[in-house]
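Here's a short set of exercises to work through with the model open beside you. Try each task before reading its solution.

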Amino acid sequence: LPQAAAAADGQLGGAEGWRSELAVAVAFLAGALAALLLLFFAAHELQGMVQSGPYEHLRGDIWNCVDFVSIIAQGLTLFLLVVDYRRAGGGVSVHGDFQASSTCASIALPPAWFSLLYFMLGFEGSGMLARMVIEITRGVRDFVIILAVVVIGFALSFYVLFQAGSMQHDPMTVGDVDVEDEVFGYRNPLAALVSGFALMLGDFDRDEFSASANESLMNVLFVVFQVFVTIIMLNLLIAIMGDIFDKVQEHARAHYLYAKAKIVVEYETALKKKRRPDRALFPEWIQVLKPKRAEENEGELGSAAWAGRIAALKRQLETVRRDVSANVKDVEAVVTGMIDERMDKVDARVLAIDDHLVTLSDRMGKLEQLLARAAGNPKPQEEAQGSD
């Protein structure tokens, strides 16, 4: 609408009058269509707030907060567009007459497009990736706070040094005129914070350090910042994100099914009550969720490009560990049974040997008695032998 209005007023030049007026009409038609869609989603959001209460509705799901901010910002943008257009009068220009609506639109656009991720969750391919983005963003929340504290500390340190310095560096001579380049990134604390964030991403010019109060100290702080933030903390961030990726990927399909069911349930509530008895829309069914067997996922490492490799390896190692443990227990039971059986046989033989030893001991005692008698009375023994 701002560009079409400026063209109709002749500010953008080159366009014929009727085409510019048609562009304004199309812009208003698009705005009316956007307003109707906005009313539909606003009514849907209001229905959710009435059912569960505003606080519980917004606290229960981050997507409700995104939709709420998006609807408010878009509605305010449409209202300000109309107000700015009516106030413009003659000499319409995008720069001068649509400041308020353009500012509000810049706030409304990010949550409006970000809310599309919610509907992408209902598709298996894009839903898994969208869930990954959400969970990683949620998982690095504490790390981002720590990183922000460190970056803010160094950024304010650079700001103090530049403010105490000349803020000018690299004087150049152009003809008879000396030209000095000013350090623009540290004019105020807010600009210093933005410059500190850019410094973390590698956007820096070491020549600017000469404009500080102490160039040597600036170099030392710069080296410490690069080592601690760029090398250590950013690599730690990558490690954290990889770990979250594996955890989410392990249950990616469950997240996808949950998100899809959530979208269906949410928009089923938006249907009129008189349509709910329609079995074509609300069939009588029961959903049964069965866990996949481990054997079905044996080829997961090679088949899934985005598979959680570490998680899959852990699952396979755990499966092998359980199998080995079970086999060891079986072998242990077999060996224990064989040893017990052999020990029983050995015990039986030992008992038999003990019986033989007792028998031999008895016979030896009798033999000794006979020998003693024979040595003491040989004649009767001989007679006894003769009679035998």
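**Exercise 1. Find the main nonpolar core of this predicted model, and say which helices build it.**

Solution. Start with the residues that have the most contacts inside the largest nonpolar core: Leu147, Phe158, Phe162, Phe225 and Val229. The whole core runs to 28 residues. Next, go through the helices: helix 8 (124–139), helix 9 (141–164), helix 10 (189–200) and helix 11 (215–250) each put in at least two residues. Helix 11 gives the largest share, with 10 residues. Finally, look for another core lying apart from this one: there you'll find eight residues, including Tyr118, Ile134, Ala259 and Ile263.

**Exercise 2. Work out whether Ile244 is buried or exposed, and what it touches.**

Solution. First place the residue: Ile244 sits in helix 11. Now check its relative accessible area, which is 12%; the cut-off for buried is under 20%, so Ile244 is buried. Then list its contacts, skipping anything up to four places away in sequence: Glu135, Ile136, Gly139 and Val140. Take one of these pairs and look at the spacing: Ile244 and Gly139 are 105 residues apart in sequence, yet their C-alpha atoms are 7.0 Å apart in space.

**Exercise 3. Do the same job for two polar residues, Arg131 and Ser195.**

Solution. Take Arg131, which belongs to helix 8. With a relative accessible area of 13%, Arg131 falls under the 20% limit and so is buried. Leaving out residues up to four places away in sequence, Arg131 touches Leu121, Val248 and His255.

Now move to Ser195, in helix 10. Its relative accessible area is 16%, so Ser195 is buried too. Setting aside neighbours within four places in sequence, Ser195 has Gly185 and Tyr186 as contacts.

**Exercise 4. Which residues make the nonpolar surface patch of about 1000 Å², and which element gives the largest share?**

Solution. Pick out the members on the surface: Leu33, Leu36, Leu37, Leu39, Phe40, Phe41, Leu109, Trp113, Leu116 and Phe119. Sort them by element, and helix 2 (17–52), helix 6 (99–114) and helix 7 (116–120) each turn out to give two or more. The largest share, six residues, comes from helix 2. As a spot check, try Leu39, which lies in helix 2. Its relative accessibility is 59%, over the 50% cut-off, so Leu39 counts as exposed. For background, nonpolar side chains in soluble globular proteins tend to be buried together.

**Exercise 5. How many disulfides does the structure hold, and how covered are Cys65 and Cys104?**

Solution. Recall that a disulfide is a covalent bond between the sulfur atoms of two cysteines. The count here is zero. Then look at cover: Cys65 has a relative accessible area of 28%, which makes it partly exposed. Cys104 comes in at 8%, so Cys104 is buried.

**Exercise 6. Sum up the whole chain in a few numbers.**

Solution. Begin with secondary structure: 15 helices and two strands. Next comes burial, with 25% of the 388 residues buried. For the surface, the accessible area is about 26900 Å², and carbon and sulfur atoms hold 64% of it. Last, take the contacts between residues at least 6 apart in sequence: 65% of them join residues at least 24 apart.

Methods: Residues are numbered from 1 along each chain as its sequence is written. This is a predicted model: local features need pLDDT of at least 70, side-chain atom pairs count only at pLDDT 80 or more; totals for chains, interfaces and linings use all residues. Side-chain values use heavy atoms; hydrogens and water are left out. A nonpolar core is a set of buried Ala, Val, Leu, Ile, Met, Phe, Trp, Tyr and Cys residues joined through side-chain atoms within 4.5 Å. Buried means under 20% relative accessible area, exposed over 50%, partly exposed in between (1.4 Å probe, protein chains only). Helices (H or I, at least four residues) and strands (E, at least two) are DSSP runs, numbered from the N terminus. Contact means heavy atoms within 4.5 Å. Accessible areas come from the Shrake-Rupley method with a 1.4 Å probe; for residues, only the protein chains shown count as cover. Patches are made of residues with over 30% relative accessible area and no salt bridge: like charges are joined within 9 Å, nonpolar side chains (Val, Leu, Ile, Met, Phe, Trp, Tyr) within 5 Å. A salt bridge is a side-chain nitrogen of Lys or Arg within 4 Å of a carboxyl oxygen of Asp or Glu. A disulfide is a pair of cysteine sulfur atoms within 2.5 Å.
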